[in-house]
Amino acid sequence: MHVEPIRWRGKALELLDQRLLPREVHYVACRDAHEVAVAIRDMIVRGAPAIGVSAAFGIALAAQRGDDVDAAAAELRASRPTAVNLMWALDRMQRARDAGGDLTAEAEAMFREDVEANKRIGRNGAMLLGESPTILTHCNAGALATAGYGTALGVIRAAVEAGKRVAVFADETRPYLQGARLTAWELKQEDIDVTLITDNMAGHFFQQGKFDAVIVGADRIAANGDTANKIGTYTVAVLAHAHGVPFYIAAPLSTIDVNCPTGASIPIEERSAAEVTSMNGVSIAPDGISVRHPAFDVTPARLISAIITDQGVLRKPYDESIRRVFS
Ligand code: MRU
């Protein structure tokens, strides 16, 4: 089955409700920018590139309806703070508007370009893998997190398409379970070999020499290569480093924030305590317990073996390779 997180219907944006997967495949129709902002905030749609493309369609809807486009952009911009693709997409829509462009056509172009970029990331990344690699991935950086094809899972798809025998281990990614609910589901749709583990099992399998590579996505990459991604990514990077396993980030250039000098300036979203203290609506912790819920962490550039982009594979020192790719 072809995984379609975002469907543009001309006067409405249909978003696959990722909160219900894998139990139910249900689309939510957004008819204005406010509904798109709510869908992003509540994680009906999630994943950095998917958030960016959805926000672009939100602006297109606002323009079509004759709503206040600046107010729409401000609400969308505030919906989630860490994934820079959101800001990147809104800035691009703003430039199209300033130039008197067709905002619907611009959003449609961003959708198409994201899928094309992911296919290039896939091809660039597949070349780094052996013939029968076992790969650990964290969170969901798949078709579901993008307009289609995926970034980290795009590399895996491209490797499979190239005839490699790929086995994937998916971290569950507590507390939102994107690995268990989304990555496991998405790969099973295409019969790609996937094994689900809980986050705290990763060290055990590294110790057993199970993994040939780690490939994850990114929500924001700073100008020096420091990378924010789903909470727990840093732990996996430390484990990969300790066990001599290559740790790759797969992301389009729209995820690189050249205005962010290092990871220290990346805003880290704190989400609700309820997502930690309950599962599927059932409480699993004492009432009133104090909770922290940073949704992302920052992996320092020194732990990253390469950044696989749509414009090639970036290597250390990242401040130089990133500067080059943007010049
Ligand atoms: O909180 P989420 O599910 O939006 O977080 C998503 C991630 O961290 C992904 O790994 C990242 O956005 C890369 S998506 C191609």
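This report describes the nonpolar cores and an open sheet of a predicted model.

In this predicted model, local features need pLDDT of at least 70 and side-chain atom pairs count only at pLDDT 80 or more, whereas totals for chains, interfaces and linings use all residues. Residues are numbered from 1 along each chain as its sequence is written, and side-chain values use heavy atoms, with hydrogens and water left out.

The largest nonpolar core (buried Ala, Val, Leu, Ile, Met, Phe, Trp, Tyr and Cys residues joined through side-chain atoms within 4.5 Å, where buried means under 20% relative accessible area with a 1.4 Å probe, protein chains only) has 39 residues, of which Leu13, Leu15, Ile40, Ile59 and Leu76 touch the most other members. Helices (H or I, at least four residues) and strands (E, at least two) are DSSP runs, numbered from the N terminus, and the elements giving two or more residues to this core include those in the table.

| Element | Residues |
|---|---|
| β1 | 6–8 |
| β2 | 13–16 |
| α1 | 33–41 |
| α2 | 48–65 |

The largest share of this core, eleven residues, comes from α2. Apart from this core lies another, of 27 residues, among them Phe211, Ala218, Ala251 and Leu303.

Seven strands, paired where DSSP finds at least two bridges between them, form an open sheet of mixed pairing in the order β6-β5-β4-β7-β10-β15-β16. The edge strands, each pairing on one side only, are β6 (193–197) and β16 (312–314). Strands β4 (residues 134–137) and β7 (residues 213–216) run parallel and are joined by two bridges, and the bridge partner of Ile135 in β7 is Ala213.

Terms used. Buried means under 20% relative accessible area, exposed over 50%, partly exposed in between (1.4 Å probe, protein chains only).
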